[in-house]
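Biologist: Before I rely on any of the labels attached to this entry, I would like to go through them with you and hear what each one rests on. Could you show me the structure?

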Amino acid sequence: MTTSNPTPSKVVTVMPVGMDPRKLSVFRMAFRMHHSHQHFQLMDEAPGFAPDLAIVDVDSVEGWGAWDSFRERHPQLPALIVTTTPPADAPAAVIRKPVRVETLFPQMRQLLNNERDVTPPVLRPAVKEAMQQAAALAAASERQSAPQPEEDVAVLERPVAPPPAPKPEPVAPRMEAQRQQAQAPVAAPVRVNFERFDPQAGLFGLLVRLYRLRGNAVITLNEEPLLVIQPAQDRALLLQPLTSLQALCELPSSVFGQQPCAEPPAVFDSEVKLQNLVWQIAIWSSKGRLMRGMSTETPLRLRYWPNLTRLPPIPDAIRITAFLTKTPVNLKLITHMLKVPPESLFSFLAAAWGVGILDMPLRSGTLSVISTEPVRPGARPPAAEALPETPKIVAAEPVAAPTPAPSPIAAPASRPQSGLLSRLLKKVIGL
Amino acid sequence: MRAYDNKIIFAGPVGAGKTTAIGAISDIEPVTTDAKASDMTLNRKGHTTVALDYGVLKLDEDTKVHLYGTPGQERFDFMWDILSQGGIGLILLLDNSRPSPVKDLQFFLNAFRDMLKIAPLVIGITKTDIKSSPSIETYAGLLEKFDMRPPIFEIDARSREDVKELVLALLFSIDPGLEG
């Protein structure tokens, strides 16, 4: 699909997404009433025209699924999101409802010109400049980036929610059965392509390299100190507000540098745990994208549990960690077994890799995966007795070592009281 | 086939926060059997648990999960075996401010070795604000040598969220695919 850069006199074709006829008619009316040097038209009124941008309503029954399916079909098309409740981490520019004509059209023009309305925090000129550069880069990337080559796209399963149930109506028994069948949860997952990011690049890449070198260092931005890291003390001194680092995660490696740190600065904005900083920067850099170099078949294992009570939260981190600490598994198996959103999984993997607890062999096969086939509900992985024996407990040993607990992927048949555990889980979550 | 006895065991040395942790999540006011400390415990706290702590998570009218806190002193270790039989899992709390928390870890793993053959372990490290060493990485590194990878979290035993995380980690350690 191609999108063209509009010229002032060009007709701009807008694709509406997630709108019922009532909402569509409101937009249609607004478009007809709007008169300027640039003419906007809805796509359904202009057959044969390729869309220049989209307006995605995420307040319909489909919710954010409308955005997901739109982005899947049109990964490069500029888009505005309209909603009554804009989230803090919206994936595109948002217009809060009620939509006002005087903001809608300027924002559409701005989007077409790839200018983002970013309100920067009060920052030093060098950081301001860098953040502007980040915004420009992001915009340029949207404008210029071509579709990813096939080998750079992971195809995984995304769990899908069952469709919303229609209002029940009096029906005959057989019709009722058919209706229930139609409403049954969707068993077949949707296959989705996912974007990648380079974990060696940018602020994240540099931070991870220095973190692993274990020496004190100053990270600079355009040759001005940005933050000081002291890995031995698990400490980072931020010379700018933590929140300002999020935008800097967009910048290329070339603007960052490093200097030896003889003396820590006397004045700084805040002090954070270095591991927490690496974890947070990983989340901001990943943005739910998969690390480059990781294939869907790559065996993954966590060396140990991250300190999840003190690290920036990632949805489903406990569940993912529990799986990955037990046995090497690949992405296909994780997504199939756990049904977690891939974006959470990818952010988690980036963060775990950043803090150095993710074993990810370069050559596939170094870690043996329990199976590349989906595990059926009734199947059971190696039994406890099949696991390698651990050393017996000896008083002289530094740490006693009992036999490992049973493998995590116990089948329902082997878990006579999984109902109890499920109810306990529900109870604890609700506390 | 393993039969659960609907109970979670909280263990750990004196002063690690077992009583407090149970109180953070229990549906009832925890039943405690504290008494004035009369031994070495006096150095760490005025009152201590001399029998056990008891709390409950009520799942419905008929189903409860019992939360047992074992007494911390070694002279009560005869109770640990009895308490731990049939437990869903063990939550071990370690007080980082004690002289040798790594030895405490070793001691309790040994004491509960029978239970840990069939039940998962979760470790909560308390009082890291008083003493940050050993770090989580140190504990994890020691256990990793024996191919043990239990959840190890820094916690504040007074924090319901922190104690919840321990229980959630315990449940997902049994079954990462568990759904509530």
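Modeller: This is a predicted model, and in it chain A has 12 helices and 16 strands. Of the 431 residues in chain A, 32% are buried, and residues 24 or more positions apart account for 74% of the contacts with a separation of 6 or more.

Biologist: What makes β2 and β5 of chain A edge strands?

Modeller: The open sheet of five strands in chain A has the order β2-β1-β3-β4-β5, with parallel pairing. Strands β2 (39–42) and β5 (93–96) of chain A each pair on one side only, and are therefore edge strands, given that pairing requires at least two bridges between two strands. Neighbouring strands of this sheet are turned by 30° against each other on average, with direction ignored.

Biologist: How do you know that β4 and β5 of chain A pair?

Modeller: The cut-off is at least two bridges, and four bridges join β4 (residues 79–83) to β5 in chain A, so the two strands count as paired. They run parallel, and one of the bridge partners is A93(A) in β5(A), which faces L80(A) in that role.

Biologist: Which helices pack on this sheet, and which strands do they touch?

Modeller: Helix α2 (residues 64–73) of chain A touches β1, β3 and β4 of chain A, and its direction makes about 155° with that of β3(A). Helix α3 (residues 101–112) of chain A touches β1, β2, β3, β4 and β5 of chain A, and its direction makes about 175° with that of β5(A).

Biologist: Why is E223(A) called exposed, and what is notable about its phi?

Modeller: A residue is exposed if 12 or fewer other C-beta atoms lie within 10 Å of its own; E223(A) has 10 such neighbours, so it counts as exposed. E223(A) lies in the loop between β9 and β10 of chain A, and its phi is near 70°, a positive value in a residue other than glycine.

Biologist: Why is D316(A) called partly exposed?

Modeller: D316(A) has 19 other C-beta atoms within 10 Å, and because a buried residue needs 20 or more and an exposed one has 12 or fewer, D316(A) falls in between. D316(A) lies in the loop between β15 and α9 of chain A, and has a positive phi of about 65° although it is not a glycine.

Biologist: What makes the peptide bond between S133(B) and P134(B) a cis one?

Modeller: Omega is about 5° for the cis bond that joins S133(B) and P134(B), and P134(B) lies in the loop between β7 and α5 of chain B.

How values were computed: Residues are numbered from 1 along each chain as its sequence is written. Chains are lettered from A and ligands numbered from 1 in the order in which they are written. This is a predicted model: local features need pLDDT of at least 70, side-chain atom pairs count only at pLDDT 80 or more; totals for chains, interfaces and linings use all residues. Axes are lines fitted to C-alpha atoms, for helices over the stretch in contact, and angles run from 0 to 180 degrees between N-to-C directions. Two residues are in contact if their C-beta atoms, placed from the backbone, lie within 7 Å.
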